[in-house]
Amino acid sequence: MSDALAPGQAIGILGGGQLGRMLSVAAGRLGYRTHIYDPGANPPAAHLAERVTCAPWDDRAALRAFAQSVAVITFEFENIPAETLAALEDLRTIRPGLRALEVSQDRLEEKRFLRGLGLQTAPFAPVASTADLAAAMAEFGPEIILKTRRMGYDGKGQVRLGAGADLAAALAELEGADAIAEGVIAFSAEVSVIAARNVAGAVAAFDPGENLHKSGILHQTRVPARLSAAQRSDAVIIAANILNALDYVGVLGVELFVTPGGILVNEIAPRVHNSGHWTQNGCAVDQFEQHIRAITGLPLGDGARHADVVMTNLIGDDIDRLPDYLVAPDTAVHLYGKAESRPGRKMGHVNAIIRAR
Ligand code: AMP
């Protein structure tokens, strides 16, 4: 506690999207200031941060000035070039560290890391040719998913291939990007655990949420997830295992597939996570505050849930339903300050508290 960042100190956040915006709100509530670094002009977090640097990820002078202006650095986006983090690491503590970022940036490395911890994942194989693809199909088939190793999110950079698929065309679509093939998991549900670990090594997890996707993008998260007590504790133990193995400091999102044979890890996100937005209205300490607590050396909040919640993302035209949400009972609206809606663009989310009436 005595080593915690003093009130009034500044936290540097790499990435200025809605996650950086909500982290800035939480930091402000705990008495900290934030400085956002983002290559884009007028990022959503800029409205709520004390300072903003808009500069490319490889602008050494801007990175240096940014690092010197803050007491600790974190990130809200995992596709930051590793070289950017490496340059900053020499100047300031980064939480979570580089290892977590590197593992999560590369699906192959991520799966190998998870298997190394004894965790279950979908079967996978690196793919560089149609022969590799055909071999993966023969082994994991009848259907496989071809994914780029890097830069994939919200279902981007991935395609399902069944019997008779044109493997050469599927590979050509990737334009030479490194790829992996995964077996298709027949899951009964997708759940995620949002968990935190602080500087002292304490771990706290939020109740697992059950996720529903539409067109590869998260549509809804519901808590409680429909899990048995044993499945719930398995899910939390998996997250704690990963946090400890990475000597992680901050909030981590762990996406899981529930199957009759156990819980498999799909992927990890080394940051606050869309499927944890329900905590803003379901817990006294939400995921954003938990992350700020973790990286500033404060004790973690307990993360206990005081309500059942359904979080619904407002994507693209969904924002047209805002008038209805604004008058819906027990519903909190969270908007990201984006002027223009586009298909697939996350404009905000709503948290509906579910009460027995
Ligand atoms: P990802 O980008 O890996 O999170 O994948 C996006 C979504 O695709 C996941 O949330 C799942 O719904 C689905 N998906 C990804 N990988 C698999 C898999 N190996 N088996 C079944 N569904 C998958």
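**A helix crossing and a pocket**

Helix α1 passes helix α10 in a right-handed crossing. This is a predicted model. Start with that pair of helices. Helix α1 covers residues 18–29, and helix α10 covers residues 287–296. They pack at an angle of about 65 degrees. Their axes lie 8 Å apart. Angles of 65 to 115 degrees count as roughly perpendicular, and α1 and α10 are therefore roughly perpendicular to each other.

Which residues of α1 and α10 meet? From α1 come L19, M22, L23, A26, A27 and R29. From α10 come F288, E289, H291 and I292. Sorted by class, the residues of this contact are 7 nonpolar, 1 polar and 2 charged.

Now turn to the second largest pocket. Its volume is about 200 Å³. Residues F187, S188, A189 and E190 help to line this pocket. So do E210, N211, L212 and H213. The rest of the lining is Q220, R222, P224 and R226.

Three elements each give two or more residues to that lining: β9 (189–197), β11 (209–214) and β12 (217–223). Which of them gives the most? Strand β11 does, with 4 residues.

The makeup of the pocket lining is quickly told. The lining has 4 nonpolar, 4 polar and 4 charged residues. Back at the helix pair, the contact of α1 with α10 has 7 nonpolar residues, along with 1 polar and 2 charged.

How values were computed. Residues numbered from 1 in each chain as written. Predicted model: local features only at pLDDT ≥ 70, side-chain atom pairs only at ≥ 80, totals over all residues. Heavy atoms only, no water. Axes fitted to C-alpha atoms, helices over the stretch in contact; angles between N-to-C directions. Parallel < 35°, antiparallel > 145°, perpendicular 65-115°, else oblique. Left-handed = near helix turned anticlockwise from the far one by under 90°. Contact = heavy atoms within 4.5 Å. Nonpolar A, V, L, I, M, F, W, Y, C, P; charged D, E, K, R; others polar. 1 Å grid on protein atoms, 1.4 Å probe; cavity = no way out; pocket = protein on both sides within 12 Å on 5 of 7 lines; lining within 4 Å. Points joined across faces, edges and corners; volume = space filled by probe spheres on them.
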